Amino acid sequence: MNAPLTMLWLTPLAGAAVCAFLARYGALFFSMLFAGLVAGVACGQSSGGVLSVVNELGPVWAYGISYRLSADSLSIGLIALTAFLNLICVAASWELEVPAGYWACFMALASALTGVFLARDLFFFYVFWEATLIPMFFIIGLWGSSNRLHAAVKFFLFTFAGSVFMLLALLALVSAHHRITGVWTWDLAALDATTLGPVAPLVFWGLIAGFAVKIPMFPLHTWLPDAHTEAPAAGSVMLAGVMLKMGVYGLLRVALPLFPTLSFEALPILGGLAAFSTIYGALCAMAQTDLKRMIAYSSIAHLGFCLLGVLSRTSQGLTGGTLQLINHGLTTGALFLMVGFLYERAHKRGLSDFGDLATRAPYLAFFFGFSTLASIGLPGLNGFVGEFMALSGALSVLPILAFAGVLGVTLAAAYALPAFQAVFWAPAGPGSVSAKVTDLNRRERAVLWTLSLLMLWIGLAPRPWLAYFEPALRGLVR
Amino acid sequence: MTAAQVPWAAWLLFAAPVAAILIGFFGFRRFKPEWTHLPILASCAVVTASAFWLAAHVYTGHSFDLNLFRFAEAGDWAVDFGLRVDGPGVAVLAMVSFVGSLIHLYAAGYMKGDPGFSRFFLVFHLFFLAMIGLLTANNFVQLYLFWELVGVASYLLVGYWFHKETARKAALKAFLTNRVGDFGLLLAVLLIVLQFKITHFHLLYLKAASGATFELLPVIGFLLVWAACAKSAQFPLYFWLPDAMEGPTPTSALMHAATMVTAGVFLLVRSWPLISLVEGLPHLIAWIGAVTALGAAVVAGTKKDLKRILAYSTVSHLGLMMLALGLGQIATALFHLIVHGFFKAALFLCAGNIAHALHQPTANVDDVGGLQKSMRLTYLSFLLAALSLAGVFPLGGFFSKDAILDAAWHHGGALAVMGMLVAAGSAFYIFRMLFLAFYGARPEQKQAPHAHEAEPILGVPVLFLALGAAAAGLLKEPVERFVLMGWRGMPSGLAGLDLVLNLPGEPVLPHLNMTVAVLGTAMAALGAFAAWRLTMSDPGFDWRWRGGAAEAVFESDFGWKTLVDAFVRGVSRLAGFTGRVLDKGGVDGAVEGSAGFVRAAGAAIARSAQGRINDYLWWMLAGTAILLLRVLR
Amino acid sequence: MNLTAVVWATTGALFSFGLAIVVFRRQLLAMLLGLELMLAAVNVSLVHHAGLFNDAEALAVVALVIAVAAAEAVVGLSLILRMRRGGRGADAALLTELQG
Amino acid sequence: MTSIPMGPQAALAAGVLGALSLGLMRKPPALALRALAVASVAGAMLLAVCSASDGYSSAIVLTDSKSIGWQYLIYLGALPLALWLDGEDDVLVALFLGATLGMSLLASASNLPMLFVALEFMSLPAYLLVARSRPGTRGLEAAIKYFFAGGVAGALFMLGLSLYYADTRSLAGSTDLTPLGQAGAGLMAAAALFKLGAFPLNWWLPDAYEAAAPEVSGFLSTAMKSAAVLFLMRLCELAPQAGFIAFLPAVGAVTALAGAVMALRQERLQRLFAFSSVSNAGLLILGVGAWAASGRSSEGVSALLFFLGAYAFMSNGTFAFIRYSGLETRAQLKGRGAAMPAAAAAFTILLFSLGGIPPTGGFMAKLLLLWRAVDADLYWPAAAGAVSALISLAYYLGMTRELWLEAPHGPEPKTGPGAPLVIACAVGVVLLGAAPWLMSSLSGALTR
């Protein structure tokens, strides 16, 4: 059973090509096809959810590079998130007047992201990793808001800077492995980094540099507020919803399995930065006057929780951190979409540009409030489960980190609720554009209902979700 | 015991509110918003009936505690959710559902015609549901879930009139302060998971009492107290509660009497077996309670806004409950909680009736006076509840307060004195309020021309509550029994906690101590007399003393609010610095600056050879020379 | 002082002299001369060592260098002349239109 | 297939003679001249294929896998110019074929004097190509600068050769070196580095590339750069103990960085790509250093071969785009993507490839080269190379941004010929990126 995995990333790519002619209809059709395929593969997985499909076409080139795909529940989970958010993005942008390239870029992005999550050959992993940048560069640069050019270039260069070091690390890893074993391989499963000797720290930190930029971890985060703020709504959704997850995924898939001891020794530094990110992101978010910027900074804080959990290498931390990846995709995705809806209507995003929207647009207020609560970790909604488990994991390893993390949870309300109040509750100020804001239409409501119900589901009954991810992460538990 | 054997009443506790909210949200809210209260009132009736049935069930020895489903699981880490219907829970539940339902009924009249009627009722009922969940949780994570839900619902209700800036601010203040408290609870729960690997109350206590040492226990206990201080409005985190009366009056009533502030006390009751294991912690609780009770009682005597007086009164009474808890009198605390629920709800709704009569969201002592004549039913209800609050025999408040004073008296020392002073202070502020609002009509007060008695839907629930407040003394024995049952073993195989835990001051209520009863009543009389002296015999006094330094001291709650404001300003300044200076200028500045640096480097190189052949050749020679030097070393 | 040293001294002196002309002079024709001088200097050493090692191949190299030098002169002269005809003179310091 | 000794070179020489003969006519037929150029280069390529199996070797020339491989590179780099050069000018054709002949000789040279001769054979026509390919004196100025710098480099090479010869008594290479020979090898290496444009011997290069016609710049930056790389490699082979070899990675790293830094501030496209080619030369020097450091492994050769092959597409493609679009500065690029979508899209692909973004040939090229460096434990130079790639991405992305994301202003420039070439080059790099084994198996099959 080889074809499905290749089909998984080829389908959206084919969609990208078709979109050039059929535009939104092509995008819709292929997003649905893609989502269906993902669902099919997920069902086809063995019940344990463990690695079930390996696709190897043999070495395609020298030096052990081979086309190798595989999917365990972690991969499929994130691919499902990709497919789902892609569909959401297509639905949410349905009425935008954009050229065919817009849809093609989104489909190409989905393809590259899928590739990242599927690849088990580090070469292809890197290729897909970098390939994600190109469509996103155009999405930000062509359909973003006023300062989009600067943001697009900054986004590309900054994240590329991280991944360049990751590439060097991969090269050093493969070379060192070859020197020791005499075998050229980029196969993640075959590589053994435990005997690397002095090169090991170099490789490890190079990998971390690449992942940390993507996550993003303080102090490598400053591309994110610009990119998120300037990207179009759907672009922000994909950026926050899936692209940030690549960093944590990289940790889970590459850095932690390859460097079990080093990653643990680095916990004070990495975990410290992650914990600091949660507080720092929250404080920065408090200072923002732009709604999108605020959400962007909140992402930094949220990914800090994921990291704390993942780095703890405990069962609950890993699973919770991973679930938090999905949660953040749903919650922040919803928030970005809604800011996008606001922006489409009023062409403003400032906190002080709006007011009284709870009266003018009650549906919007409801969904925004709901997502905000999910985002600040209200129990019963999705954010809590992930944060709680991640913090529980971190606490058992390095209590001070969890302490900082809990402080971050506390601070979350201090930026999210004032922002909510300023936009939805406070009376419309003199320069306000609230009058232009109409309430959500049926299509938009449907999109947000879907997201909200998922948030509620994960919040109330996270167990199936956790059980889905847990087997894939079991091997990482220390 | 399996889920199938759980009494249907327990399921109804949740099923009815959830169904009501769903029907209200998807049905009535869209098509007939002014009917939204109908399913919700029905649900209230069902919940109350179920609660009483369960109370009776438990009273007859059928408490139960079982896990229903596994909430989350990863490896050997797991959290189960379940139901615990035991004595303390069901005692409070009965009060909450009864008082809460009456407030719901009242709200149906009070909020009629409000444009957000439907939204109000849905959130209001969510608030109610959250409290039910909190009372029936059987583990800490579940409790935390409903604890937070209570907070969110209160946020939405306090900020219900969101066009008012004060309402928005108060809502935010309430939520953020509670969030500070939740910091403690979340951390405590996390630490519990870490230390005990279990969050189920009963099993956890059994484990804690097993004799092994748990070094994190003091931290956990302290954090639980911290959390309770925020939710139950105790010093140092009490300050959100007086502002929280910005919400519609039914909200305040529900929040103060039944659903919100009692959660903190209930948390401590629930976790008492843990807290009692920590050396010195009960003592700390007692002191927190005493200080808060006294301070709030004094401040309550200086306020002008009717609801604000009541809010400080709540803080003060919660302090008394904490005092009782700290002295090991769990049943006493719970008993006072229940009695307080009745009289405080009644008082708030009376204040609501007054405001309603004036067609304003809230009423001030400046606005009213002499309502005794125009609002007889309200006056009667208020009088009953006020006397109960002041601890006048034989009303409910007498018994509950007396038990606390008795415990303090037994403990002796400063706590005993403070307890007595609180008794005097309570009587003072409630009688002052009574005199100012219902008697006289002083020259300083605006005349309330059209104050008229409220319609029955507003009057009757209040009367019932006041009657309840008057008669609540009868509940003393049952509450004691309920609490005692809380520690017992469960038919589902849980060993009794009373066997393994040497719970200090086992919840046997002190018998009526004549000395304390007389002294307490005397103190109350003293307070009432002082109130009469300063309002009735010197009508202008309340207006005369204001404006000076004294008022500033009281307004700032002896300076504490100023400190808190300074702290909040400090945090927001820190955020501003981090976001605008450090991040934009520092971290991002370095990133953005690197481009300029590279450009400058390029310009410097370019300047060194401005297109001249000779310069090119010099560069070549320099490069070659360096190469040769390196080669030849 | 053996002959080799003398040859090296001569080569070095001539080469440095030629190099100095190329580097310091701004007159294009003079610079061309300096270039020729450098190649000629190399030939001195080559001829000496060809004799020393009794190696005809190296002598052939000398001939090649002379030929290359001649070709270089042709190319150089043609460029310089065309530049003069183009009206921009033969001053190296003035040829700075292309820079940065 | 039977091989003809020195067949490719003979084909090119015939081409030179043919062009000069055609020039005797009063009005040389442009089509015939162009056909001659194409035929010569293609013929040389074909003959090189034929000689792959049993190559001709003598005291001064050799045929090994490198010489064959590099000849392919050279002809590949030269072919676009043969297709697009100005057919009216018979001298230009002769010069072009002459320079190609020089490169071809360089690829086959097996001893030091032959290398020198080939070097000059390649350089002298190149000076004139630069001077002649465009009207006006700018080309002349560039050619004069190029000429003097090149002349000094040639003289340094000869001085180095004489020192080396005096030390080793050999013109073909030796393993044992005294300081005299080390200095000689170093001087010869300086000449090779000059040809590659290593910093700080690079100044002639931007002037020449900017002043020459774009297609000539493309030719110089691909065919000549390939030849120069082989030149450096031959030196490493002939003097394996030479001290300069250890210094190459550092030179490469500095050059890669300096080139990228300088390119960042350029406004004129040709000058920008000139500095970009300096930066790429730095990577190549690093690659040669890594190849030499790892015992001259065949992996190192294939990495260089791949890089140069990919670069032949990228550089020729970009210069062809400049020629086609008539755009001279970055400011003029703004918003022009829509006016020429196909060529601009192809150009964008080339830019991404130059920046090293997968899945393009440029990415594979950089990856393989840096991998060689990492494999030879040259971590710092490799990191510097990576940083240079990062800096270079700033201007490649900048151009992409100008082309597509910004609004046009000013009159639309007149487009010239060459769009198919841009597109073909883009297809080439995509193929190389998507199926990198194509190149290796192709060159493997052809060089054996």
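Domain bounds, as used here, come from an automatic or database domain assignment. On that basis chain B is divided into domain 1 (3-558) and domain 2 (567-632). The model is predicted, and the stops below can be taken in order.

**Stop 1: the two domains of chain B**

Select residues 3-558 and 567-632 of chain B and colour them separately. The C-alpha centres of domain 1 and domain 2 of chain B lie 63 Å apart. Now add the largest nonpolar core, which has 701 residues. The residues with the most contacts inside this core are B:Leu334, B:Ala346, B:Ala469, D:Leu106, D:Val130, D:Ala227 and D:Val422. Helix α6 (residues 148-181) of chain A gives the most to the core, with 21 residues. Where does the core lie with respect to domain 1 and domain 2 of chain B? Both domains give residues to it, so the core lies between them. In soluble globular proteins, nonpolar side chains tend to be buried together.

For a closer view of one of these core residues, centre on B:Ala346. Leaving out residues up to four places away in sequence, B:Ala346 touches B:Ser381, B:Ala385, B:Val462, B:Leu465, B:Ala466 and B:Ala469. B:Ala469 is itself among the core residues with the most contacts.

**Stop 2: where chain B meets chain A**

Show chains A and B together. The contact takes 40 residues from chain B and 44 residues from chain A. On the chain B side, the elements that give two or more residues are β1 (64-74), α5 (140-158), α6 (165-196) and α26 (560-607). Which of them gives the most? Select α6(B): 13 residues of this side come from that helix. By residue type, the chain B side divides into 23 nonpolar, 7 polar and 10 charged.

**Stop 3: the hairpin of chain B**

Stay on β1(B) and add strand β2 (residues 77-85) of chain B. The two strands run antiparallel and are joined by 9 bridges. One pair to pick out is B:Ala72, which stands opposite B:Val79 in β2(B). The hairpin has 2 residues between the strands, and B:Gly75 takes a positive phi near 60° there.

**Stop 4: unusual backbone in chains B, D and A**

Most residues other than glycine have a negative phi, and most peptide bonds are trans. The next selections depart from one or other of these habits.

- Select B:Phe235 and B:Pro236, which are joined by a cis peptide bond with omega of about 5°. B:Pro236 is in the loop between α8 (217-231) and α9 (240-243) of chain B.
- Select D:Pro358 and D:Pro359; the peptide bond from the former to the latter is cis, with omega near 0°. D:Pro359 is in the loop between α14 (341-355) and α15 (361-375) of chain D.
- Select B:Lys197, in the loop between α6 and α7 (201-208) of chain B. B:Lys197 is not a glycine, yet has a positive phi of about 60°. It counts as partly exposed because it has 13 C-beta neighbours inside 10 Å.
- Select A:His347, in the loop between α13 (315-346) and α14 (357-360) of chain A. A:His347 also is not a glycine, and its phi is positive, at about 55°. Is A:His347 buried or exposed? It is exposed, because 12 other C-beta atoms lie within 10 Å.

**Stop 5: a glycine in chain A**

Remain in chain A and select helix α12 (residues 291-312), where A:Gly304 is placed. A:Gly304 is buried, because 33 other C-beta atoms lie within 10 Å. Its contacts, not counting residues up to four places away in sequence, are A:Ala274, A:Ala275, A:Ser277, A:Thr278, A:Gly281 and A:Gly408. A:Gly304 and A:Gly281 are 23 residues apart in sequence and 8.7 Å apart in space, C-alpha to C-alpha.

**Stop 6: chain C and its contact with chain D**

Isolate chain C. This chain has 3 helices and 0 strands. Its C-alpha atoms fill a box of roughly 50 × 25 × 25 Å along the principal axes. The radius of gyration of chain C is 17 Å, whereas a compact globule of 100 residues would have one near 13 Å. Buried residues make up 36% of the 100 residues in chain C.

Finally, bring back chain D. Here 32 residues of chain D are in contact with 32 residues of chain C. On the chain D side, α5 (112-132), α6 (138-168) and α8 (204-211) each supply at least two residues. α6(D) gives the most, with 17 residues. The chain D side divides into 20 nonpolar, 4 polar and 8 charged residues.

Notes. Residues are numbered from 1 along each chain as its sequence is written. Chains are lettered from A and ligands numbered from 1 in the order in which they are written. This is a predicted model: local features need pLDDT of at least 70, side-chain atom pairs count only at pLDDT 80 or more; totals for chains, interfaces and linings use all residues. Two residues are in contact if their C-beta atoms, placed from the backbone, lie within 7 Å. Helices (H or I, at least four residues) and strands (E, at least two) are DSSP runs, numbered from the N terminus. Ala, Val, Leu, Ile, Met, Phe, Trp, Tyr, Cys and Pro count as nonpolar, Asp, Glu, Lys and Arg as charged, and the others, Gly among them, as polar. The radius of gyration is taken over C-alpha atoms; the globule rule is 2.2 Å times the number of residues to the power 0.38. A residue is buried if 20 or more other C-beta atoms lie within 10 Å of its own, exposed if 12 or fewer, and partly exposed in between; C-beta atoms are placed from the backbone. A nonpolar core is a set of buried Ala, Val, Leu, Ile, Met, Phe, Trp, Tyr and Cys residues joined through C-beta atoms within 7 Å. Two strands pair if DSSP finds at least two bridges between them.
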